[in-house]
Amino acid sequence: MTTSIVRAACPHDCPDTCALLVTVTDGVATEVKGDPEHPTTAGVLCTKVSRYTERTYHPDRLLYPMRRVGKKGEGRFERISWEQALETIAERLTAVAVRDPLGILPYSYAGTMGLVQGEAMAMRFFNRLGASDLERTICASAGGTGYKYTVGAKIGTDIEQVQDARLILIWGGNPIASNLHLWTRVQEAKRRGAKLIAIDPYRSLTAEKCHRHIALLPGTDAALALGIMHVLITEDLLDHDYIQQHSLGFAQLKTRALEWPPERVAEVCGVSAAEVLQLGREYGATVRSGEASMIRVNYGLQRVRGGGMAVRNIACLPALTGAWRHAAGGVQLTLSGAFPTDDKALKRPDLRPPHAASRSVNMSTIGDDLLHPASAGFGPRIDALIVYNANPVAVAPDSQKVAQGFAREDLFTVVLEHFQTDTADYADILLPATTQLEHVDIHQSYGHYYMMANNAAIAPLGEAKPNAEIFRLLAARMGLNDPCFRESDHAIAAQAFDRGNPRAAGFDWDTLKQTGWQKLTMPAAPFAHGGFATPSGKCEFFSARMQADGLDPLPTYIAPYESAASNPALAARYPLAMISPPARNFLNSSFVNVQSLRDTEGEPHLDMHPADAAARAIVSGETVRIFNDRGSMQAKVRVTPKARPGVVVGLSIWWKKFAADGKNANEVTSQNLTDMGRAPTFYDVLVEVAPERASAS
Ligand SMILES: Nc1nc2c(c(=O)[nH]1)N[C@H]1C(S)=C(S)[C@@H](COP(=O)(O)OP(=O)(O)OC[C@H]3O[C@@H](n4cnc5c(=O)[nH]c(N)nc54)[C@H](O)[C@@H]3O)O[C@H]1N2
Ligand SMILES: Nc1nc2c(c(=O)[nH]1)N[C@H]1C(S)=C(S)[C@@H](COP(=O)(O)OP(=O)(O)OC[C@H]3O[C@@H](n4cnc5c(=O)[nH]c(N)nc54)[C@H](O)[C@@H]3O)O[C@H]1N2
Ligand SMILES: [Mo]
């Protein structure tokens, strides 16, 4: 018996990007543990990933290529050889490319966050073909855009400093479920005397454990941030010196903020004026005490119409109080901007045929886009779709449209997957991909500052192949002969980070493979002395770039598309706001098919406030129908004050095929886009809920 320990990295779309140690005995992975030496992983994994071998050796793994034999969506396939699969795909893509390569669209997101099995070889392939570009907006682009307008770069408070903060706002995030290793630091801060405040419409697992919880209405965070500014300014809880030296537009900001007294904010947010006042005072108190305040703002609050503006407003706050002076102070949205990732080397945009036309298709409106006929404004119809690292039929908004698009008989769809997901059911050709234990990769992170290596722990199962290898084989089959299509995964990983950048000083793939991780060279308090990455080099309360982009250059409030205040006619028919944030034991729609994890989540639930339930004669445990003009789904109700009045919560994202009615929360979500970043508005939704007994009769 031979046993070895292999260094790996968690590939999932989660800020924590954990360092893994995989135990391999006689070629079989028997255990996946967190690396105790890695400073943020600290030997701890979430439940999902500690069960990683259950997912990798799952009896439903796709192990060989298949071709569809049933109707689209039915999920009936027959086995074919790799040879047949590659030949069919090459033939079909060539036929589309001859008409117009823009008819080919890749659709991918962050099933793996690896730079090699993510977009490297794949984008080389699509660039060389001259395919349509995918705007990868489905998660973070609203908040990311708002943050960059204000602060300039996607960097912020280092997670390794958080335990030293004295006040922590957990704003639109649920770290116990979705950012566990930050939560560990937050708890340490709490032990050292920090105060924790959650700002979330839902009493999440995290909100329950904070000292205070402000349960505002979804989509109103921008107003709450303006309310805090009002208190800071009227009560002079300001770091005048920091504002003077390191910010732009304070005088204009002041005028704007004074339009937002706590009473007005309270009305918009559905909270009390006293709560707004208290929050502003608590946030401003650190100016006088000289202690660090830290805001963990997460993506939950930017999945609404004004999501970009909300993050922008919040990103202004630490410059008002000078919180950035402290290593443990400031804001953290994402840290991904710190990584000197060499996108040009990885994706080779220079391979696009010279003078070729280009077009971008937004992944967040894939439903409408697949149904769009050719037109002058749109360009050619989408005739071929290659899906990898994503499950759009389950995760994209306005799901009926998405399913209709995928069902188009004249659309040629290839899906690279581990499992037969809701999306895979629509594939013409379904290809088996390797999991993280079976391939090599290199990772950045958005929740810490470490470059991470993933070594292959075991041989590929069945005939599964890494994504990069699949695109390598397709390139060869289609006669694309640039030498970059012959590079190995190791050769690609070696080019991932720009060695010339001082942040990645000393980066070397061969060493990283051995050590597993290496921290970027980053200052402890990145904006202590200004140095913002904006055009002015300051924190921009006034943003000329926003003005140029047609936005209000000052912090403002943009109401949701769908809310009682902004759309009373719609609210008369659909009075409840619905949000569908992550379930703890799923990772987006990944892991829903792992039995032990699905058993823990049970079945699709809807949390509803007792007053809303009583008004509809709904009792806990009964099955209800959730509906609006776009669609409907069923769930089992939990009557609970965790949901605030007027807001229902359906933790997500279920595979449709595991729900009794074959539907999930995206039946009711819309394809409306955010104010900036062209992102989806998953949490900007009005619905009505009725007992199933009534709709059944
Ligand atoms: N276990 C687990 N972990 C995950 C994921 C997962 O699916 N499962 N997903 C991963 C991914 S892709 C991402 S992007 C991150 C997301 O991580 P988070 O940003 O933490 O997740 P969200 O659900 O988007 O938001 C969390 C909280 O925001 C609240 N929220 C909803 N609408 C609003 C609002 O308008 N205002 C405010 N203030 N709060 C609001 C929700 O009630 C929820 O409790 O997590 C990653 N980690
Ligand atoms: N209603 C609602 N909808 C949402 C959200 C929400 O909160 N509510 N959250 C949104 C957010 S934040 C996000 S980021 C998106 C996430 O949407 P997606 O990025 O599509 O995430 P997953 O649903 O986890 O699907 C990823 C798929 O990639 C596959 N995969 C993993 N690794 C590999 C690999 O190496 N090769 C191949 N070929 N496949 C692989 C997995 O098996 C999985 O099926 O969903 C969005 N949709
Ligand atoms: Mo996400």
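This is a short tour of salt bridges, cysteines, cavities and a pocket, with suggestions for what to select at each stop.

The model is predicted, so local features are described only at pLDDT of at least 70 and side-chain atom pairs only at pLDDT 80 or more, while totals for chains, interfaces and linings use all residues. Residues are numbered from 1 along each chain as its sequence is written, chains are lettered from A and ligands numbered from 1 in the order in which they are written, and side-chain values use heavy atoms, leaving out hydrogens and water.

**Stop 1: salt bridges**

Side chains of opposite charge can pair when their charged atoms come close. Here a salt bridge is a side-chain nitrogen of Lys or Arg within 4 Å of a carboxyl oxygen of Asp or Glu. The structure holds 47 of these salt bridges.

Start by selecting Arg61 and Glu438, whose side chains form a salt bridge with an N to O distance of 3.0 Å. Arg61 sits in the loop between α2 (52-56) and β4 (66-68), and Glu438 in the loop between β17 (429-432) and β18 (441-443), so this pair ties together parts 377 residues apart in sequence. Element names follow DSSP runs numbered from the N terminus: helices are H or I of at least four residues, strands are E of at least two.

Are the two partners buried or exposed? Arg61 is buried, at 5% relative accessible area, and Glu438 is buried too, at 4%. (Buried means under 20% relative accessible area, exposed over 50%, and partly exposed in between, using a 1.4 Å probe and protein chains only.)

Next, select Asp241 and Arg325, a salt bridge whose closest N and O atoms are 3.2 Å apart. Asp241 belongs to helix α10 (residues 240-246), and Arg325 to the loop between α14 (307-321) and β13 (330-332), with their positions 84 residues apart in the chain. Both count as partly exposed: Asp241 has a relative accessible area of 40%, and Arg325 has 37%.

Now move to Asp425 and Lys657, where the closest N and O atoms of the salt bridge are 3.1 Å apart. Asp425 is in the loop between β16 (412-417) and β17, and Lys657 in the loop between β26 (647-649) and β27 (686-691), so the pair connects parts 232 residues apart in sequence. Asp425 is buried at 9% relative accessibility, whereas Lys657 is partly exposed at 35%.

To finish this stop, select Arg99, Arg381, Asp383, Arg408 and Asp410 together: salt bridges that share partners join them into one network.

**Stop 2: cysteines**

How many disulfides does a search of the whole structure find? It finds 0, a disulfide being a pair of cysteine sulfur atoms within 2.5 Å.

Why is Cys210 without a bond to Cys14? Cys14 holds the closest cysteine sulfur to that of Cys210, but the two are 18 Å apart, too far for a bond. Cys210 is buried, at 10% relative accessibility.

Then select Cys269, which is in no disulfide; the nearest cysteine sulfur, in Cys316, is 16 Å away. Cys269 is also buried, with a relative accessible area of 0%.

**Stop 3: cavities**

On a 1 Å grid over the protein atoms alone, a cavity is a set of points where a 1.4 Å probe fits but cannot get out; a pocket is an open set with protein on both sides within 12 Å along at least five of seven lines, and lining residues have an atom within 4 Å of a point. Grid points are joined across faces, edges and corners, and a volume is the space filled by probe spheres set on the points.

There are 3 cavities of 30 Å³ or more. The largest cavity encloses about 70 Å³. To find it, select Met633, Gly650, Leu651, Ser652 and Ala665, the residues nearest its centre among the 14 that line it. The elements giving two or more residues to this lining are β23 (605-608) and β25 (632-639).

The second largest cavity holds about 40 Å³. Its lining includes Gly219, Asp221, Leu301, Tyr557 and Ile558.

**Stop 4: a pocket**

End at the second largest pocket, with about 1,300 Å³ of space. Select Tyr109, Lys154, Ser336, Lys347 and Gln444, which lie nearest its centre among 37 lining residues. Elements that give two or more residues to the lining are α4 (116-129), β7 (133-135), α5 (141-151) and α15 (343-347). The largest share, 5 residues, comes from α4.
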